[in-house]
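The following paragraphs lead through one protein chain, from its cysteines to its sheets and charged side chains. Please keep the sequence and the coordinates at hand while reading.

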Amino acid sequence: MMNISFYKLAAAMLLTAYANLAYAEPNANALGQNLYLTIGGYGCAACHGKYANGAGNVGGNIRGASLEQLNHALENEPTMKLLGDAFAPEQREQVIQYLASLGAMPLVEWRIADETNVKALQLVPKQLSQLVVKNDTLAAVAVDLSPLAIKQTLHIEPLDTQAVQFVAPASSVSLQVEGQVLQLTVNE
């Protein structure tokens, strides 16, 4: 009988642990990112870009925006007023936390277009950065990220934007896609 009680106790402990894991509160940044992408039915990305960098959209770059800036925009900017009622106070804080995490990383923007182009940027070595690549062509592109010590290829559909976080390398590197070159030089 002791064995049956032990197994019941172990099963109950496993079920409790699973329930706690399954219903655990998600990471606040993940909540903020989800709100950023979906609030009001269309999200902040419609005007500020998928990664809050503006991306040539009407809203501009809001990475690192403060709660005061968000509240001011929700009260005073005509388009932002439409979202005013959609944002609960705690949701505003979650979005701001997400934007703060983006603002803390240097932004490396690269636009892939049909014309040949070379873009050069400087980075601080060993600093977490975010590469945001906008594909302005009508064909899918693949960016080999191995020069950034990332063992993956970033696949970007036509007219889409994708991003990846990386630690800036200790030496200069280049990324290339069909006549497009991004040269990342490292400040020493």
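A disulfide is taken here as a pair of cysteine sulfur atoms within 2.5 Å. By that criterion the structure, which is a predicted model, holds zero disulfides. Why is C44 not bonded to C47? The sulfur of C44 is 8.7 Å from that of C47, its closest cysteine sulfur, and this is too far for a bond. C47 is likewise in no disulfide, the sulfur of C44 being the nearest to its own at 8.7 Å. C44 counts as buried because its relative accessibility is 9%, where buried means under 20%.

The confidence of the prediction should be considered next. The mean pLDDT of the chain is 85, and 85% of the residues reach 70 or more. Over residues 9-26, however, the pLDDT is below 50, and this stretch has two contacts in the model beyond near neighbours in sequence.

The helical part can be approached through two residues. Y98 belongs to helix α6, which spans residues 89-103. With 6% relative accessibility, Y98 is buried. Which residues surround it, apart from neighbours within four places in sequence? Y98 is in contact with N29, G32, Q33, Y36 and K50. Of these pairs, Y98 and Y36 are 62 residues apart in sequence, while their C-alpha atoms are 8.2 Å apart in space.

The second residue is G64, located in the loop between α3 (45-48) and α4 (67-76). G64 counts as partly exposed, at 43% relative accessibility. When neighbours within four places in sequence are left aside, G64 has contacts with Q69, L99, A100 and G103. The C-alpha atoms of G64 and I96 are separated by 7.6 Å, although their positions lie 32 residues apart along the chain.

Attention now turns to the strands. One open sheet consists of three strands in the order β1-β3-β6, with mixed pairing. Its edge strands are β1 and β6 (161-167), each of which pairs on one side only. Neighbouring strands of this sheet are turned by 20° against each other on average, direction ignored. β1 (residues 107-112) and β3 (residues 128-135) pair in the parallel sense over six bridges; within this pairing, R111 has K134 in β3 as its bridge partner. On the other side, seven bridges join β3 to β6 in the antiparallel sense, and L131 stands opposite V164 in β6.

How are the two faces of β1 made up? In a regular strand the side chains alternate between the two faces of the sheet. In β1, the covered face carries V108, W110 and I112, whereas L107, E109 and R111 are on the uncovered face.

Another open sheet also has three strands, in the order β2-β8-β7, and its pairing is mixed. β2 (117-123) and β7 (173-177) are the edge strands, each pairing on one side only. The twist from one strand to the next averages 15°. β7 and β8 (residues 180-186) run antiparallel and are joined by five bridges. V173 stands opposite L184 in β8.

The charged side chains supply the remaining links to be described. Side chains of opposite charge can pair when their charged atoms come close. A search of the whole structure finds four salt bridges. In one of them, the side chains of D160 and K50 meet with an N to O distance of 3.1 Å. This pair links distant parts of the chain, since D160 is in the loop between β5 (153-156) and β6 and K50 is in the loop between α3 and α4, 110 residues apart. D160 is partly exposed at 24% relative accessible area, and K50 is partly exposed at 31%.

R111, from the uncovered face of β1, takes part in further salt bridges. Its side chain meets that of E115 at 3.6 Å, N to O. R111 also forms a salt bridge with D136, with the closest N and O atoms 2.5 Å apart. The latter pair connects strand β1 with the loop between β3 and β4 (141-144), and the two residues are 25 apart in the chain. R111 counts as partly exposed at 43% relative accessibility, as do E115 at 44% and D136 at 23%. Which residues make up the network of salt bridges? R111, E115, K134 and D136 are linked in it. Within the sheet, K134 is also the bridge partner of R111 in β3.

How values were computed:
Residues numbered from 1 in each chain as written. Predicted model: local features only at pLDDT ≥ 70, side-chain atom pairs only at ≥ 80, totals over all residues. Heavy atoms only, no water. Buried < 20%, exposed > 50% of the residue type's maximum accessible area, 1.4 Å probe, protein only. Helix = DSSP H or I, 4+ residues; strand = E, 2+ residues; numbered from the N terminus. Contact = heavy atoms within 4.5 Å. Pairing = 2+ DSSP bridges. Axes fitted to C-alpha atoms, helices over the stretch in contact; angles between N-to-C directions. pLDDT = per-residue confidence, 0-100.
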